[in-house]
Amino acid sequence: MSSAFSTTTARNIFYGGALFSFLLFLALTFHTESALPQRDARALLEANPQVAVGKRVWEENNCIGCHTLLGEGAYFAPELGNVYKRRGPEFIKAWIKAQPTGTPGRRQMPQFNLTEEELDALVEFLRYASEIDTNGWPPNIEG
């Protein structure tokens, strides 16, 4: 084998690649951290304390066990990241109250017996989720 590729050259390539990867990681981290405040609807979260209450209702009732929210969760029931824009607040509350519908051949959502305050807070949480800039995803309103 040629002596042009020595252990010193290999070591330099390794350290150079490691340094490049580390600097790239730092640059991407900085970019992400600077872009998030404009994309994650923090102003809505800070302006409306009901969003935090709605998130607690979401978590206590394990909604993510069946639904996805912005792509995270189970795929048993519909995506709810843009349900506020698709259906509106009154439809969401009426739908939750009407469960289970008893429609044959359809998956059924359980009745959680949420209070009006819990329903309002959950709707506010779903409104917050719909305001997050997802970079154009999903490509259409129906998900």
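These exercises work through contacts, charges and surface features of the structure above.

The model is predicted: local features need pLDDT of at least 70, side-chain atom pairs count only at pLDDT 80 or more, and totals for chains, interfaces and linings use all residues. Residues are numbered from 1 along each chain as its sequence is written, and side-chain values use heavy atoms, with hydrogens and water left out.

**Exercise 1. The cysteines**

Task: Find how many disulfides the structure holds, and state where Cys63 and Cys66 stand.

Solution.
Step 1. Set the criterion. A disulfide is a covalent bond between the sulfur atoms of two cysteines. Here the cut-off is a pair of cysteine sulfur atoms within 2.5 Å.
Step 2. Search the whole structure. The count is zero disulfides.
Step 3. Check Cys63. Cys63 is in no disulfide, and the nearest cysteine sulfur, in Cys66, lies 8.4 Å away.
Step 4. Check Cys66. Its sulfur is too far for a bond, because the closest cysteine sulfur, in Cys63, is 8.4 Å off.
Step 5. Classify accessibility. Buried means under 20% relative accessible area, exposed over 50%, and partly exposed in between (1.4 Å probe, protein chains only). Cys63 has 13% and is buried. Cys66 has 31% and is partly exposed.

**Exercise 2. A salt bridge in one helix**

Task: Determine how far apart the N and O atoms of Lys55 and Glu59 are, and where the two residues lie.

Solution.
Step 1. Recall the principle. Side chains of opposite charge can pair when their charged atoms come close. The cut-off for a salt bridge is a side-chain nitrogen of Lys or Arg within 4 Å of a carboxyl oxygen of Asp or Glu.
Step 2. Count. The whole structure holds six salt bridges.
Step 3. Take the pair. Lys55 and Glu59 form a salt bridge, with 2.2 Å from N to O.
Step 4. Place the pair. Helices are DSSP runs (H or I, at least four residues), as are strands (E, at least two), numbered from the N terminus. Both residues belong to helix α3 (residues 50-60). They are four residues apart, about one turn of the helix.
Step 5. Add accessibility. Lys55 is partly exposed at 39%. Glu59 is partly exposed at 47%.

**Exercise 3. A network of charges**

Task: Trace the salt bridges that link Glu90, Lys93 and Asp120.

Solution.
Step 1. Start with Lys93 and Glu90. Their closest N and O atoms are 3.8 Å apart, in a salt bridge.
Step 2. Locate them. Lys93 and Glu90 are about one helical turn apart because they sit three residues apart in helix α5 (residues 89-97).
Step 3. Move to Asp120. Asp120 also forms a salt bridge with Lys93, with closest N and O atoms 2.8 Å apart. This pair joins distant parts of the chain: Asp120 is in helix α6 (residues 116-131), Lys93 is in helix α5, and 27 residues separate them.
Step 4. Compare exposure. Lys93 is buried at 13%, Asp120 is partly exposed at 27%, and Glu90 is exposed at 56%.
Step 5. Conclude. Glu90, Lys93 and Asp120 make up a network of salt bridges.

**Exercise 4. The nonpolar core**

Task: Identify which members of the largest nonpolar core touch the most other members, and follow the contacts of Leu122 and Phe125.

Solution.
Step 1. Recall the tendency. In soluble globular proteins, nonpolar side chains tend to be buried together. A nonpolar core is a set of buried Ala, Val, Leu, Ile, Met, Phe, Trp, Tyr and Cys residues joined through side-chain atoms within 4.5 Å.
Step 2. List the hubs. The largest core has 20 residues, and Trp58, Leu69, Ile96, Leu122, Phe125 and Leu126 touch the most other members.
Step 3. Assign helices. Each of α3, α5 and α6 gives at least two residues to this core. The largest share, seven residues, comes from α6.
Step 4. Examine Leu122. Leu122 lies in helix α6 and is buried at 6%. Contact means heavy atoms within 4.5 Å. Beyond residues up to four places away in sequence, Leu122 touches Gly54, Val57, Trp58, Ile96 and Leu114. The C-alpha atoms of Leu122 and Gly54 are 3.9 Å apart, although their positions lie 68 residues apart along the chain.
Step 5. Examine Phe125. Outside neighbours within four places in sequence, Phe125 contacts Val51, Gly54, Lys55, Trp58 and Leu69.
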